[in-house]
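Here's a walk through one model, from the overall fold down to single residues. Have the viewer open as you read.

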Amino acid sequence: MTTGGRYILATCFIVVGLLAIMPSLKRDGVLRDGPSLHTRLKRITGFSKQLKFIHVTKSGGTSVENAGIAAGIMWGRAHKEYGWWHELFPRKPSALKEKYDWFTVVRNPMSRMVSEFHCRWGGVGDNVAQHNVSSFNEFLQRNIIGKAYLGVGDHYSAQVLYMDPDIPVRVLRFENLTAEFDELMTEYGLDVSLQFANHMPHKFSEHDFYPSTIALIRETYADDFTHFGYPTGIANTMKEGG
Ligand SMILES: *[C@@H]1O[C@H](CO)[C@@H](O)[C@H](O)[C@H]1NC(C)=O
Ligand SMILES: *[C@@H]1O[C@H](CO)[C@@H](O)[C@H](O)[C@H]1NC(C)=O
């Protein structure tokens with residue numbers, strides 16, 4: 001074989017080898033942790049999937065989608081092919097799941113529940129003025145018990161249910177979203193920046209939870225606390241956003 005032939009053969013082996021190990025690199029978190037590795041592999045192999053978004057409720061998803069739309073990228077509610085954008089990701093067809101790279105944003109379940117209560121869709125929205133600490137707790141407990149286990153995906157669904165056993169999903173944290181989002185965009189070479197909409201201050205906070213509400217959240221979302229590494233105490237600050 002000529003030197004040129006050997007060179008071409010060797011290059012083919014490297015490219016095929018890289019393609020073969022990409023899924024395991026992703027699964028093992030190598031790609032997730034190394035911002036430049038994805039970019040480097042992409043440059044070498046020319047292989048890259050488009051990045052799409054999984055919208056867990058009350059975790060900044062609307063801001064993420066709006067940032068995408070402003071940059072001409074269809075994520076979440078704007079990604080028509082995805083269908084119902086709060087549906088649990090593992091329920092989606094394999095062909096869709098395998099077609100793209102995926103990211104999502106998760107949040108401490110305690111502050112997420114405060115946000116669910118104040119939400120226009122999952123909570124009381126504009127009727128918040130009529131509520132007191134007692135009805136705040138009663139509403140949350142009723143909705144957590146009634147909706148956490150529906151198994152379809154929507155408000156009050158456990159966040160861990162959006163993780164797929166077969167498809168890697170890149171997880172960003174709401175608590176550090178700007179930095180982690182910017183890092184991901186750099187990795188994928190996307191020019192998208194987050195703008196958070198101004199929210200009305202929340203009337204109630206984690207400090208208004210009854211002990212029975214705290215216990216219910218800890219029990220119902222136990223896997224969210226462990227899987228995503230959130231503390232099970234309540235926040236030591238009154239600041240509440242989202
Ligand atoms: C709290 O609000 C609920 C529902 O609006 C009302 O029925 C109840 O009487 C209120 N409780 C107190 C202590 O104000
Ligand atoms: C926030 O995200 C950035 C980018 O990933 C990371 O370097 C930093 O350590 C994170 N900060 C916290 C408090 O997690």
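What follows goes from the whole chain to its cores, then to a few loops and helices, and last to the ligands.

**The big picture**

This is a predicted model, so let's start with how confident the predictor was. The mean pLDDT of the chain is 84, with 77% of its residues at 70 or more. Among the elements, helix α9 (residues 211-220) has the highest mean pLDDT, 97, while helix α2 (residues 30-33) has the lowest, 48. Two stretches stay under 50 in pLDDT: residues 14-18, with four contacts beyond four places in sequence, and residues 238-242, with twelve such contacts.

The chain has ten helices and three strands. Going along the sequence, they come in the pattern α-α-α-β-α-α-β-α-α-β-α-α-α. Of the chain's 242 residues, 27% count as buried. If you take the contacts with a separation of 6 or more, 73% of them join residues 24 or more positions apart.

**Two cores**

The largest nonpolar core has 18 residues, and the ones touching the most other members are Phe-53, Ile-54, Val-56, Val-64, Phe-103, Val-105 and Tyr-162. Which elements give two or more residues to this core? They are β1 (51-54), α4 (61-70) and β2 (101-106). β2 gives the most, with four residues.

Tyr-162 is a good one to click on. Leaving out residues up to four places away in sequence, Tyr-162 touches Ile-54, Val-56, Leu-88, Phe-89 and Thr-104. Another core lies apart from this one; it has twelve residues, including Tyr-156, Ala-158, Phe-204 and Tyr-221.

**Loop residues**

Three loop residues deserve a look: Gln-50, Lys-58 and Tyr-156. Gln-50 sits in the loop between α3 (35-45) and β1. Is Gln-50 buried or exposed? It counts as exposed, because just 11 C-beta neighbours lie inside 10 Å and the cut-off for exposed is 12 or fewer. Even so, Gln-50 is in contact with Tyr-100 and Asp-101, leaving aside neighbours within four places in sequence. From C-alpha to C-alpha, Gln-50 and Tyr-188 are 8.6 Å apart in space, although 138 residues separate them in sequence.

Now for some backbone angles. Most residues other than glycine have a negative phi. Lys-58 is not a glycine, yet its phi is positive, about 60°. You'll find Lys-58 in the loop between β1 and α4, and it is buried because 25 other C-beta atoms lie within 10 Å, where 20 or more is enough.

Tyr-156 has a positive phi too, about 75°, and is not a glycine either. The loop that holds Tyr-156 runs between α7 (133-147) and β3 (169-173). With 22 C-beta neighbours inside 10 Å, Tyr-156 also passes the cut-off of 20 or more, so it counts as buried.

**Two helices**

How many of the ten residues of helix α6 (residues 109-118) are buried? Ten of the ten are, so the helix is largely enclosed by the rest of the structure. That list takes in charged side chains as well as nonpolar ones: among the buried residues are Arg-112 and Glu-116, along with Met-110, Met-113, Val-114 and Phe-117. The buried residues of α6 pack against α7, α9 and α10 (222-228).

Helix α8 (residues 177-188) lends itself to a quick geometry check. It has twelve residues, and at 1.5 Å a residue, counting one less than the number of residues, it should span 16 Å. Its end C-alpha atoms are 16 Å apart, so the model agrees with the expected span. After α8 comes Gly-189, whose phi is positive, near 65°.

**Around the ligands**

Here are the two ligand shells next to each other.

| Ligand | Residues around it | Make-up of the shell |
|---|---|---|
| Ligand 1 | Gln-130, Asn-132, Ser-134, Ser-135 | no nonpolar, four polar, no charged |
| Ligand 2 | Asn-176, Ala-179, Glu-180, Glu-183 | one nonpolar, one polar, two charged |

For ligand 1, then, the shell is made up of four polar residues, with no nonpolar and no charged ones. The shell of ligand 2 has two charged residues, one polar and one nonpolar. Among the residues around ligand 2 are Ala-179, Glu-180 and Glu-183, and these numbers fall within the span of helix α8 (residues 177-188).

Technical notes: Residues numbered from 1 in each chain as written. Chains lettered and ligands numbered in written order. Predicted model: local features only at pLDDT ≥ 70, side-chain atom pairs only at ≥ 80, totals over all residues. Near = placed C-beta within 6 Å. Core = buried A, V, L, I, M, F, W, Y, C linked by C-beta atoms within 7 Å. Contact = placed C-beta atoms within 7 Å. pLDDT = per-residue confidence, 0-100.
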